[in-house]
Amino acid sequence: MTTVYEFTPRYFEIDQQGVMFNSWYLGYVDEAMNHFIDARGVPYARWQELGVDAHLAHADLDWKVGIGFGDRVQVPVRTTRVGTKSFTLEFEFRRGEEVACAVSVVYVIVATDGSGTTAIPPEIVAAIG
C-alpha cells in the first residue's frame, strides 16, 4: 500500500536558481513519513507509548528535475523493506507523472529509554509492512 503526501513549496524554500533548495527535500520526507504512519494507524504518539522512536540512519536522494515555486507536489511513500530493527521507505517527489526526486531512507528503531536499538514492535511491523 502506498500513501501520498501533498504540498506546494513555500516562497522561502526556493533558491536563486528558482527551484526548491535541496535541504528542504529531507524536511518534506519527515512530513511525508509522519503522514504515512498516521495513515497506517500508528501515529508518532503511539510509537512513544510503545517506547520506541525511529532515527534516520541512511538516505539516498536522486534528483531528476527541480521543483519550482507554485508546483503542486505529490509524494507517494511505500515500504520496501522491514527488518527486525530497521525498515526502509521510498519517497518520490512528483509533479503529475514526472518524478523530480527519488528518495530512499533507512530508519533504525531505538528505545526511548536511551538503551539503544531495539526490535520493531509487532504492531508497527503489521502497520508499515
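Colleague: What makes you say that Arg10 lies over the face of Trp24?

Modeller: This is a predicted model, and in it Arg10 is placed at 5.7 Å from the ring centre of Trp24. The cut-off for a charge over a ring is within 6 Å of the ring centre, together with an angle within 35 degrees of the ring normal. Arg10 lies over the face of Trp24, at a distance that fits the cut-off.

Colleague: Why is the contact of Glu13 with Arg10 called a salt bridge?

Modeller: The closest N and O atoms of Glu13 and Arg10 are 2.4 Å apart. A salt bridge asks for a nitrogen within 4 Å of a carboxyl oxygen, so the pair qualifies. Side chains of opposite charge can pair when their charged atoms come close.

Colleague: And how do you know whether Glu13 is buried or exposed?

Modeller: Its relative accessibility is 0%, and buried means under 20%, so Glu13 counts as buried. Arg10 has a relative accessible area of 41%, which lies between the limits of 20% and 50%, so Arg10 is partly exposed.

Colleague: What makes the rings of Tyr25 and Trp63 an edge-to-face pair?

Modeller: By the ring rule the count comes to 9 aromatic pairs. For Tyr25 and Trp63, the centres are 5.5 Å apart, within the 6.5 Å allowed, and the planes stand at 85 degrees, over the 60 needed, so the pair is edge-to-face. The two rings link distant parts of the chain, with Tyr25 in helix H1 (residues 23–39) and Trp63 in strand S2 (residues 52–63), 38 residues apart. Tyr25 is at 2% relative accessibility, so this residue counts as buried, whereas Trp63, at 40%, is partly exposed.

Colleague: Then why is the pair of Trp47 and Phe87 called tilted?

Modeller: Here the centres are 6.2 Å apart and the planes are at 55 degrees, which is neither under 30 nor over 60, so the pair is tilted. Trp47 lies in helix H2 (residues 44–49) and Phe87 in strand S4 (residues 86–95), so the pair ties together parts 40 residues apart in sequence. Both residues are buried.

Colleague: Which residues form an aromatic cluster?

Modeller: Tyr5, Phe7, Tyr25, Tyr28, Trp63 and Phe93 form one cluster.

Colleague: How do you know that the length of H1 agrees with its number of residues?

Modeller: At 1.5 Å a residue, the 17 residues of H1 should span 24 Å, and the end C-alpha atoms are 25 Å apart, which agrees. Among the buried residues of H1 are Tyr25, Tyr28, Val29 and Ala32. H1 is followed by Gly41, whose phi is positive, near 90 degrees.

Colleague: What makes Thr3 a buried residue?

Modeller: Thr3 is at 9% relative accessibility, under the 20% limit, so Thr3 counts as buried. Thr3 lies in strand S1 (residues 3–7). Leaving aside residues up to four places away in sequence, Thr3 touches His35, Phe36, Ala39, Val75, Pro76 and Val77.

Colleague: Why do Arg78 and Glu90 count as a salt bridge?

Modeller: The closest N and O atoms of Arg78 and Glu90 are 3.0 Å apart, and the cut-off is within 4 Å, so the pair counts. The bridge links Arg78 in strand S3 (residues 73–82) with Glu90 in strand S4, 12 residues apart. Arg78, at 40% relative accessibility, counts as partly exposed, and Glu90, at 29%, counts as partly exposed.

Colleague: How many salt bridges are there by this rule?

Modeller: The count comes to 9. One of them joins Arg94 and Glu92, at 2.9 Å from N to O.

Definitions and conventions:
Residues numbered from 1 in each chain as written. Predicted model: local features only at pLDDT ≥ 70, side-chain atom pairs only at ≥ 80, totals over all residues. Heavy atoms only, no water. Phe/Tyr/Trp six-rings, centres within 6.5 Å; stacked < 30°, edge-to-face > 60°. Helix = DSSP H or I, 4+ residues; strand = E, 2+ residues; numbered from the N terminus. Buried < 20%, exposed > 50% of the residue type's maximum accessible area, 1.4 Å probe, protein only. Contact = heavy atoms within 4.5 Å. Expected span 1.5 Å × (residues − 1). Salt bridge = Lys/Arg side-chain N within 4 Å of Asp/Glu carboxyl O.
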